[in-house]
Every structure is written in structure tokens, then in C-alpha cells.
Amino acid sequence: MKLVKKRKDGSTATLKVAEKKQADTQSQLPPWKVLIVDDEHDVHTMTKLSLKEFEFAGRTLQIFQATSGAEAHDILKHEPDIAVALIDIVMETDDAGLKLINYIRNELKYTLIRLIVRTGQPGMAPEKTVIEEYDIDDYKSKTELRADKLYLTMRVTLKAYRDLLTLDANRRALRKILEAVPKFHHVQSLAQFFNGVLSQLIGLCNLGENSLIYSVNSGLVITTSPHENQAVVQSGTGRFSPSQESEEIEAIRKMCLERILGQTPYQILPENALLIPLTVQEKQIGFVYLENAIHLSQADLDLIQIMVQQCSSALENLQLYMDLKEANKKTLKMLEVAEQARQEAEAADLAKSQFLANMSHELRTPLNAILGYSEMLEDTATDLEQDECIEDLHKIQEASYRLLTMINEVLDFSKLDTGQMLLCLAQFELQSLLDDVISTMQPLVEETYNQLEVQLIDTKELGTLQTDKAKLHQILLTLLSNATKFTENGKICLQISYTTKQVVFKVIDNGIGMTEQQVQHLFKPFVQGDMSSTRRYEGAGLGLAISHRLAEMLGGTLEVESEFQKGSTFTLSLPLVTPMAT
């Protein structure tokens with residue numbers, strides 16, 4: 001990351017500054033503060049004369065004078081940022097200077113100020129004793145500190161003071177960074193984040209070596225908008241506070257956008273300004289613009305860089321959090337829509353089931369009446385009319401039975417589809433079930449000129465079975481009916497065999513068979529084995545779909561193998577004992 005302090009590219013346009021006078025004042029570093037404590041006026045005069053032209057690190061001296069320890073107390077209370085104190089020992093008392101040293105170090109807790117003992121009576125306070133017992137930085141006699149020595153001592157002492165000030169500022173800055181970083185990772189909005197970044201960076205600048213006498217207090221955070229080539233002012237403070245929109249802020253915004261887009265900036269960065277790039281995933285997204293930053297040291301800039309790197313990391317986490325939050329919001333919305341759709345579907349299924357139940361009842365009543373009256377008419381037909389009437393009555397009965405079967409299939413499929421079909425498990429003799437199925441199927445087999453054969457494989461007795469007798473009866477009737485319907489002048493075989501845990505029923509015919517495409521769709525509702533447009537074979541196309549679902553309910557399977565024009569084999573496998581549904 002590169003911190004941009006000043007740009008000199010020959011451009012003619014410049015950013016405005018508040019006032020030239022203010023800029024000139026801010027470009028001057030304030031002086032070092034020095035305290036002279038001595039009861040001899042000549043010492044004060046000589047010291048001020050010797051240090052009249054003194055300058056260190058671009059800063060002159062501001063000298064404060066006290067003729068006693070008591071006067072020095074008052075000055076120190078009002079001027080806590082004094083860099084160096086030259087203290088005489090013998091003043092209003094023989095140890096007034098030593099008491100002042102203890103006051104500074106132990107009561108005021110001023111650890112950075114450099115204390116130099118300068119005495120004209122070394123015998124009153126020997127050097128070794130003073131150095132060992134008091135926290136001072138140097139011990140000089142007044143005769144020793146002539147002009148050249150005083151100049152050298154002051155320069156070395158101020159350098160030490162500056163270095164200590166920098167170390168202390170770095171320590172406080174690092175602590176500030178450590179305290180600020182967790183806060184960045186817990187913000188939940190961009191506005192809160194950028195306001196925090198700006199305030200923390202300005203606070204960090206004011207911890208530097210010039211912090212007590214110089215401050216950075218105005219700044220902006222400017223970023224690009226997510227989907228447009230525009231720069232947005234996210235936060236402002238000092239004279240750039242959000243309510244203070246101006247041409248100057250607009251010029252800074254445009255300059256930042258040009259830099260972000262890689263264009264040559266038209267505006268020149270003011271000499272006292274600092275641009276701090278903000279990057280997310282190695283992509284520059286904006287800048288922090290700070291004013292009055294011309295005197296920030298390299299150590300200050302290094303600390304700012306550490307803070308910005310932490311801010312960038314936190315910004316990536318915040319962006320991820322916001323993306324996840326938005327994704328979660330969309331997911332919840334989708335779930336809400338899906339739940340509403342599910343409720344509507346359930347309501348529709350319930351309405352459909354209720355409609356089918358009502359329609360079944362309404363259709364069954366007249367159908368049963370038609371069947372009843374047709375049977376009565378068949379019994380009472382006269383001899384002269386008998387043949388013709390009975391034939392017509394048989395047609396009525398046959399059509400009514402077909403319609404009744406279709407109604408029952410639609411109702412059964414609706415119950416299966418809505419989970420309303422219930423099992424009635426019981427143990428029964430399989431022989432009795434087969435006798436009933438065969439007797440029911442025999443007329444239809446004879447009508448189609450087919451032969452029906454029952455084969456027991458590897459067993460002489462059928463034994464008992466525990467399952468839903470009615471549903472097994474329905475499945476076997478459906479399979480045998482289909483075999484009979486699609487076979488003419490052929491053979492239909494019902495094979496029954498056992499494994500250790502299952503009973504297997506196979507319905508084998510040598511009828512019209514099916515293609516692979518027909519087999520793939522055979523167990524879907526409203527699909528028939530006869531896929532031709534002639535519709536030779538009647539039915540709703542629900543029988544096999546219902547049988548497949550019933551087989552699954554009984555804990556078994558229903559499978560088919562078929563070859564076109566050669567026949568089909570349906571295999572129903574059921575457990576010997578159907579487990580109770582949980």
C-alpha cells in the first residue's frame with residue numbers, strides 16, 4: 001500500500017484550501033518547550049542568549065522561566081508537554097531542585113520530560129549521590145555548561161525526548177489499533193464502519209510525536225459505488241462533516257475517482273493533505289483523505305498503514321457478512337414463498353380429494369341404480385323380447401361396471417396421492433384369496449378366448465400371509481385384467497413362489513407386449529400400455545400406477561419385463577409379514 005502525501009505532475013488545476021493564512025500557520029511546526037529553573041537571573045539571561053538561534057528538527061525553542069521550585073510547579077501544571085527542564089538544586093532551600101525532581105517524576109508522573117541538573121554548588125549535592133537516588137537524565141555544573149556545551153547538551157537531550165515521544169506514541173497507537181480492530185469486525189453497516197475508520201485514523205494521527213501541539217481533525221472517506229463508475233462520500237468529519245457539502249468536497253471526490261479508475265488526476269493534491277488507499281481483495285475501492293497531515297513522520301505513516309490494513313480486512317469480513325445476510329434474506333423469502341405454495345398445494349389437494357370423494361358418491365349412486373334396475377329388467381324380460389332385451393341390458397351393465405371401476409381407481413389414486421390410503425393388516429390363507437381372484441377373472445378370460453393357469457413353484461401349499469388382503473386382491477386383479485385385456489387366444493400364467501422372506505407373484509402373458517419406451521412410462525398415472533391413437537383398449541390408465549404405489553405401501557415392489565409382440569411379465573414381491581407403518 002502506498003500512502004500519497006503530495007503530487008507534483010505539472011497539472012494546473014488545484015484544490016481549494018479554506019484560507020491561505022490557515023494553511024501557512026499549519027505548515028509551521030510549533031517550538032520545543034524548555035523550562036529553566038534557577039534563582040540566579042544571570043543564568044536565565046545567559047541560557048536564553050546561548051540558545052537564541054537554536055533549532056532542532058525544524059523547530060525552535062519556547063523558553064519558560066522559574067526562579068524557585070514553587071514557580072516551576074505552576075508552570076508544569078499548565079504546560080505538561082515541556083520537553084526539557086534545566087534545574088538548579090540550591091534555590092529557596094538547599095534541596096529545592098531535588099524536591100522538584102521528585103514532584104515531576106512521582107506526583108505528576110511525567111516520564112518523558114528530560115531533566116538536567118545544573119548546579120553551581122556540587123558539594124551540596126554530589127553527582128554520584130544525585131544520579132543514584134533521583135530519576136534525572138544528566139548532571140552538569142554551571143561552569144561546565146557554556147554556550148557550545150549547552151547547545152550540544154540541548155540537542156542530544158531533545159533528540160532523546162523526540163525518540164521517547166515516538167516510542168510512547170507507537171506503544172499507545174498499537175494499543176489503540178488492538179482495541180479498535182475487534183470493533184471493526186462487529187459493525188453491521190457500511191456507514192458505521194466508515195465513520196469508525198475515519199475517527200480511528202484521525203485519533204491515530206494525533207498520537208504522533210507532534211500530538212500535543214498539532215492535530216489532524218478534518219477528513220473524508222470516499223469509495224466507488226458497487227455497480228457504477230462513481231465516487232461516493234461515505235463519511236466526513238471536521239470541516240468536511242456531512243452537512244458541509246461544498247465545491248472543495250466535490251473536487252476531492254472527483255480526484256479520488258480519477259485515481260481509482262487509473263486516470264491521470266486533473267487536480268493536484270494539496271501539500272498538507274494525505275490520501276490513504278482502501279483496498280478489498282487487492283482491489284482499490286476508495287481513499288481516506290486527511291488534512292493538516294504534512295508533518296506526520298514515517299513512524300506515524302507506518303502505524304497508519306497497519307491500521308488501514310486491519311480496516312481493509314474488517315471491510316472484507318463486513319462485505320461477506322452483508323452478502324450472507326442478503327443471501328439469507330433471499331433464502332428466507334424463497335422459503336416463505338415455498339411454504340405458501342406448499343400450503344396452497346395442500347389446500348388444493350384437500351379440495352381435490354373432497355371433490356373426488358363427493359363426485360364418487362354422486363356418481364356411484366346413479367350407477368348402482370342403473371345396475372340394479374338393469375338386473376331387475378333382465379329377470380322380468382318376456383320370452384318374446386328376452387334375447388334382444390338381455391343383450392341391451394348386458395351392454396348397460398358392462399358400461400356401468402367399467403365406469404364404476406374408473407371412478408374407484410380415480411378415488412384410490414387421490415387417496416394415495418394425499419397420503420389418506422390406510423392399511424388394514426391381517427393374517428389370512430392365501431388359497432382363499434387366490435380362489436376369489438380366479439373366480440372373478442374366469443369370465444373375462446373365457447370371453448377373450450385365453451387360458452388361465454396357476455403354478456406353484458417349489459411348494460405344494462400356499463400357507464398364510466400377513467398383509468392387507470383387499471389391496472393384494474386389487475393388485476392381482478389389476479395385473480390379471482391387464483394381461484387378459486392385452487392378450488387374445490393366448491395363455492396367462494400366475495406363478496407363486498417363496499423365498500426366505502418374501503412371496504413372489506408373477507403374471508406372465510404372451511400378448512402384444514410393450515416397447516422399452518412404453519415400459520419406462522408404464523407406472524406413471526394416466527399412462528396405458530396401448531400407446532396407439534386407435535384406443536382399442538379402454539381404461540383411465542391408473543390401474544398399474546395404483547398397483548405400483550400399493551406394492552410400495554405393503555413393503556414390496558412391482559416390476560415389469562416386456563418384449564414387443566411377444567408378451568409381458570409383471571413381478572410382485574411382498575414380505576411374508578408386512579411391517580406396521582410408523
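This briefing introduces a few places worth finding in the structure above. The model is a predicted one. The protein has 582 residues, of which 43% count as buried, and its secondary structure comes to 14 helices and 18 strands. Among contacts between residues at least 6 apart in sequence, 70% join residues at least 24 apart.

**Helix H8**

- Start with helix H8, which covers residues 247-260 and has 14 residues.
- At 1.5 Å a residue, H8 should span 20 Å, and its end C-alpha atoms are indeed 20 Å apart, so expectation and model agree.
- Eleven of the 14 residues of H8 are buried, which means that the helix is largely enclosed by the rest of the structure.
- Charged names appear in that buried set too: Glu248, Arg253, Glu258 and Arg259 are listed, and Glu and Arg are counted as charged.
- The other buried residues of H8 are Ile249, Ala251, Ile252, Met255, Cys256, Leu257 and Ile260.
- Just after H8 comes glycine 262, with a positive phi of about 80°.

**Where helices H12 and H14 meet**

- Helix H12 (residues 469-485) packs with helix H14 (residues 543-553) at an angle of about 145°, and their axes are 10 Å apart.
- The crossing of these two helices, H12 and H14, is left-handed.
- On the H12 side, the contact is made by Lys471, Gln474, Ile475, Thr478, Leu479 and Asn482.
- H14 brings Gly543, Leu544, Ile546, Ser547, Leu550 and Ala551 to the contact.
- Sorted by class, the contact of H12 with H14 has six nonpolar, five polar and one charged residues.
- As background, an α-helix has 3.6 residues a turn, so residues three or four places apart point the same way.

**Threonine 237 in strand E8**

- Threonine 237 lies in strand E8, which covers residues 231-237.
- Threonine 237 is partly exposed, because its relative accessible area of 27% falls between the 20% limit for buried and the 50% limit for exposed.
- Glycine 219 is 18 residues away from threonine 237 along the chain, yet their C-alpha atoms are separated by 5.5 Å.
- Beyond neighbours within four places in sequence, threonine 237 is in contact with Leu198, Ile202, Asn217, Ser218 and Gly219.

**Glutamate 79 in a loop**

- Look for glutamate 79 in the loop between helix H3 (69-78) and strand E4 (84-87).
- The side chain of glutamate 79 makes a polar contact with the side chain of lysine 33, at 2.6 Å.
- Not counting residues up to four places away in sequence, glutamate 79 touches Lys33 and Phe64.

Key:
Residues numbered from 1 in each chain as written. Heavy atoms only, no water. Helix = DSSP H or I, 4+ residues; strand = E, 2+ residues; numbered from the N terminus. Polar contact = N/O pair within 3.5 Å; in protein donor to acceptor, adjacent residues only side chain to side chain. Contact = heavy atoms within 4.5 Å. Expected span 1.5 Å × (residues − 1). Buried < 20%, exposed > 50% of the residue type's maximum accessible area, 1.4 Å probe, protein only. Axes fitted to C-alpha atoms, helices over the stretch in contact; angles between N-to-C directions. Left-handed = near helix turned anticlockwise from the far one by under 90°.
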